[in-house]
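User: I would like a close look at one part of this protein, namely the way its helices pack against one another. Please give the answer as one connected account.

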Amino acid sequence: MREDELFKHCQDLKMTLTDNESRDIEAADLCNELIIFRTMVNENTTALQALEILKTSCSSFPNINIALRILLTIPVASAGAERAFSKLKIIKNYLRSTISQDRLSGLATLSIENELAETLDYSQLIDQFAHQKARKKNFI
């Protein structure tokens, strides 16, 4: 990529990551860092590999470090959130509106986290609940 194109993309990224007066990166500094950094990596280097190289560079490229960290934390798809709302819709349709908000939230959590729920020992949970809610009094 030519340097003028690279600078334009750095400006675009700066505008995207700017909130009022707060900026995460400086476009000119990022462009200069990228020009130097591209001599250290090749075209087949992944973002995670580039981040590992940045860790060993003793903070020489702070703007690239910030940009890569933001890039690596942005989810690629929203399938997880869509799946959660789909489960919530199924539960809500099944139980209609006869359910309280707390119970609906609990059932949605169980449905969404079903892998974790399958590992629970229900007999132990029932015994623990019964022990806490026991209303028997010993008169001895």
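Analyst: The account below begins with the protein as a whole, then turns to the packed helices, and ends with a loop and a further helix.

The model is a predicted one. It contains eight helices and two strands, and from the N terminus the order of elements is α-β-β-α-α-α-α-α-α-α. The protein has 140 residues, of which 19% count as buried. When contacts between residues at least 6 apart in sequence are considered, 44% of them join residues at least 24 apart.

Helix α2 offers a suitable point of entry. This helix comprises residues 27-37, and its buried residues are Ala27, Leu30, Cys31, Glu33 and Phe37. These residues cover an arc of only 165° around the axis, which places them on the same side of α2. The elements that cover them include α1 (3-16), α3 (47-56) and α4 (62-73).

Glutamate 33 deserves individual attention. It lies in helix α2 and has a relative accessibility of 10%; because buried means under 20% relative accessible area, glutamate 33 counts as buried. Once neighbours within four places in sequence are set aside, glutamate 33 is in contact with Phe61, Pro62, Asn63 and Ile64. For one of these partners, asparagine 63, the separation along the chain is 30 residues, while the C-alpha atoms of glutamate 33 and asparagine 63 are separated by 7.5 Å.

Isoleucine 35 is another residue of helix α2. With a relative accessible area of 22%, isoleucine 35 is partly exposed. Apart from neighbours within four places in sequence, isoleucine 35 is in contact with Glu3 and Leu6. Isoleucine 35 also lies 9.9 Å from methionine 1, C-alpha to C-alpha, with their positions 34 residues apart in sequence.

Helix α4 can be examined in the same manner. At 1.5 Å a residue, the 12 residues of α4 should span 16 Å, and the end C-alpha atoms are 17 Å apart, which agrees. The buried residues of α4 are Asn63, Ile64, Ala67 and Leu68. They occupy an arc of only 125° around the axis, which puts them on the same side of α4. These buried residues pack against α1, α2 and α3.

The contact between α3 and α4 can be described in further detail. A pair of packed helices is described by the angle between the axes and the distance between the axes. For α3 and α4 the angle is about 145°, and the axes are 10 Å apart. Their crossing is left-handed. On the α3 side the participating residues are Ala47, Leu48, Ala50, Leu51 and Leu54, and these meet Ile64, Asn65, Leu68, Arg69, Leu71 and Leu72 of α4. By character, the residues of this contact divide into nine nonpolar, one polar and one charged.

Leucine 72, found in helix α4, illustrates this contact at the level of a single residue. Leucine 72 touches Ala47, Leu48 and Leu51, when residues up to four places away in sequence are not counted. Leucine 72 and leucine 48 are 24 residues apart in sequence, and their C-alpha atoms are 7.9 Å apart in space. At 35% relative accessibility, leucine 72 counts as partly exposed.

Two further places complete the account. One is the loop between β1 (18-19) and β2 (22-23), where asparagine 20 is located. Most residues other than glycine have a negative phi. Asparagine 20, although not a glycine, has a positive phi of about 55°. Asparagine 20 is exposed, with a relative accessible area of 70%.

The other place is helix α6, which consists of residues 101-112; at 1.5 Å a residue these 12 residues should span 16 Å, and the end C-alpha atoms are 16 Å apart, in agreement. Leu104, Ala108 and Ser111 are buried in α6. Seen down the axis of α6, these buried residues fall within an arc of 65°, so they line one face of the helix. The face turned away from the buried side of α6 carries the exposed residues Asp102 and Arg103.

How values were computed: Residues numbered from 1 in each chain as written. Predicted model: local features only at pLDDT ≥ 70, side-chain atom pairs only at ≥ 80, totals over all residues. Heavy atoms only, no water. Buried < 20%, exposed > 50% of the residue type's maximum accessible area, 1.4 Å probe, protein only. Helix = DSSP H or I, 4+ residues; strand = E, 2+ residues; numbered from the N terminus. Arc of directions from axis to C-beta. Contact = heavy atoms within 4.5 Å. Axes fitted to C-alpha atoms, helices over the stretch in contact; angles between N-to-C directions. Left-handed = near helix turned anticlockwise from the far one by under 90°. Nonpolar A, V, L, I, M, F, W, Y, C, P; charged D, E, K, R; others polar. Expected span 1.5 Å × (residues − 1).
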